[in-house]
Amino acid sequence: MDVVVGVREARAADAGALAEALGRNRGHMRATEPDRDERYYTAERQAERLADGGRRWFAVEGDEGDDERIVGAAILSGIVLGPFRSASLGYWVDGERTGRGIASLLVAEVLRAARDELGLHRIEASTLLDNHASQRVLAKAGFERIGTAPRYLHIAGAWRDHHLFQRILHDQPPPLA
């Protein structure tokens, strides 16, 4: 029987569950993530990250509260308002849950919130050149590839090239200041 996965915005109380999910997926994400120190996988460090100004959403299984399990996450970081109205998108899915549409569900909710709640105009994302699964998620969500950046991010111990993508959410002018 398939377990129902829902998407909700992150809360400060999620630090422990997030640390557990990241620790559980440490090996799965090693090839696509920066090198991390041991502190990264603690509830204390995740509480700091949850308070860093980014907006996060979690894909969760189970009932809200103690029986809930985080099986994916998305973040909008580098949120800029004013005339730019843009942010960067990142996301991951539990290694035991890939290929089930969870990333697409997360990205769709983030795009909705970015447009409807934050009034953002543009979302950018990047993938390693060989991360075809993530590229399919972005294409399905309406992102277009806008270029390739050499040595873009330090991932798995080296500076790695990335494809760059963007999604224009609307063409309304920004609010007047």
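Setting aside residues up to four places away in sequence, Arg 49 touches Leu 18, Leu 22, Tyr 40 and Arg 56. The model in which these contacts appear is a predicted one. Arg 49 belongs to helix 3, which spans residues 43-50. Although Arg 49 is buried, it has no salt bridge. The nearest side chain of opposite charge is that of Asp 52, and it is 5.2 Å away. A salt bridge requires a side-chain nitrogen of Lys or Arg within 4 Å of a carboxyl oxygen of Asp or Glu, and the distance of 5.2 Å from Arg 49 to Asp 52 accompanies the absence of such a bridge.

Asp 52 does have a partner of its own. It forms a salt bridge with Arg 56, in which the closest N and O atoms are 3.1 Å apart. Asp 52 is partly exposed, with a relative accessible area of 46%, whereas Arg 56 counts as buried at 7% relative accessibility. Arg 56 is also one of the residues that Arg 49 touches.

The account now turns to the other salt bridges. In general, side chains of opposite charge can pair when their charged atoms come close. The structure holds 18 salt bridges. One pair links distant parts of the chain, with Glu 9 in strand 1 (residues 5-9) and Arg 55 in strand 2, 46 residues apart. The side chains of Glu 9 and Arg 55 meet at 2.5 Å, N to O. Glu 9 is partly exposed, and its relative accessible area is 33%. Both residues also take part in a network of salt bridges that links Glu 9, Arg 55, Glu 109, Arg 112 and Glu 117.

A further salt bridge joins Arg 24 to Asp 94, whose closest N and O atoms are 2.6 Å apart. Arg 24 lies in helix 1 (residues 15-24) and Asp 94 in the loop between strand 4 (86-93) and helix 4 (102-116), so this pair ties together parts that are 70 residues apart in sequence. The two partners can be set side by side: Arg 24 is partly exposed, with a relative accessible area of 27%, while Asp 94 is buried, with a relative accessible area of 2%.

The strands come next. Strand 2 and strand 3 (residues 69-80) pair in the antiparallel sense over seven bridges. Glu 61, which is in strand 2 (residues 55-61), stands opposite Arg 69 in strand 3. Glu 61 is buried, with a relative accessible area of 8%. Its side chain makes a polar contact with the side chain of Arg 97, at 2.5 Å.

Strand 3 is in turn joined to strand 4 by seven bridges, and these two strands run antiparallel. Within this pairing, Ala 74 has Tyr 91 in strand 4 as its bridge partner. Strand 3 and strand 4 form a hairpin with five residues between the strands, and in this hairpin Gly 82 takes a positive phi near 65°.

From the strands the description moves to helix 4, where Ala 114 lies. Ala 114 is buried, with a relative accessible area of 0%. Apart from its neighbours within four places in sequence, Ala 114 is in contact with Leu 76, Gly 119, Leu 120, Ile 123 and Leu 169. Ala 114 and Arg 85 are 29 residues apart along the chain, and their C-alpha atoms are separated by 9.5 Å.

The final element considered here is helix 5 (residues 132-140), whose buried residues are Ser 134, Gln 135, Val 137 and Leu 138. Seen down the axis of helix 5, these buried residues fall within an arc of 155°, so they line one face of the helix. A general rule is relevant here: an α-helix has 3.6 residues a turn, so residues three or four places apart point the same way. On the other side of helix 5, Arg 136, Ala 139 and Lys 140 are exposed. The cover over the buried residues of helix 5 includes strand 4, helix 4, strand 5 (122-128) and strand 7 (158-168). Helix 5 is followed by Gly 142, whose phi is positive, near 90°.

Methods
Residues are numbered from 1 along each chain as its sequence is written. This is a predicted model: local features need pLDDT of at least 70, side-chain atom pairs count only at pLDDT 80 or more; totals for chains, interfaces and linings use all residues. Side-chain values use heavy atoms; hydrogens and water are left out. Helices (H or I, at least four residues) and strands (E, at least two) are DSSP runs, numbered from the N terminus. Buried means under 20% relative accessible area, exposed over 50%, partly exposed in between (1.4 Å probe, protein chains only). Lys and Arg count as positive and Asp and Glu as negative; His and the chain ends are not counted. Contact means heavy atoms within 4.5 Å. A polar contact is a pair of N or O atoms within 3.5 Å; within protein, one must be able to donate a hydrogen and the other to accept it, and residues adjacent in sequence count only if both atoms are side-chain atoms. The arc is that of the directions from the helix axis to the C-beta atoms. Two strands pair if DSSP finds at least two bridges between them.
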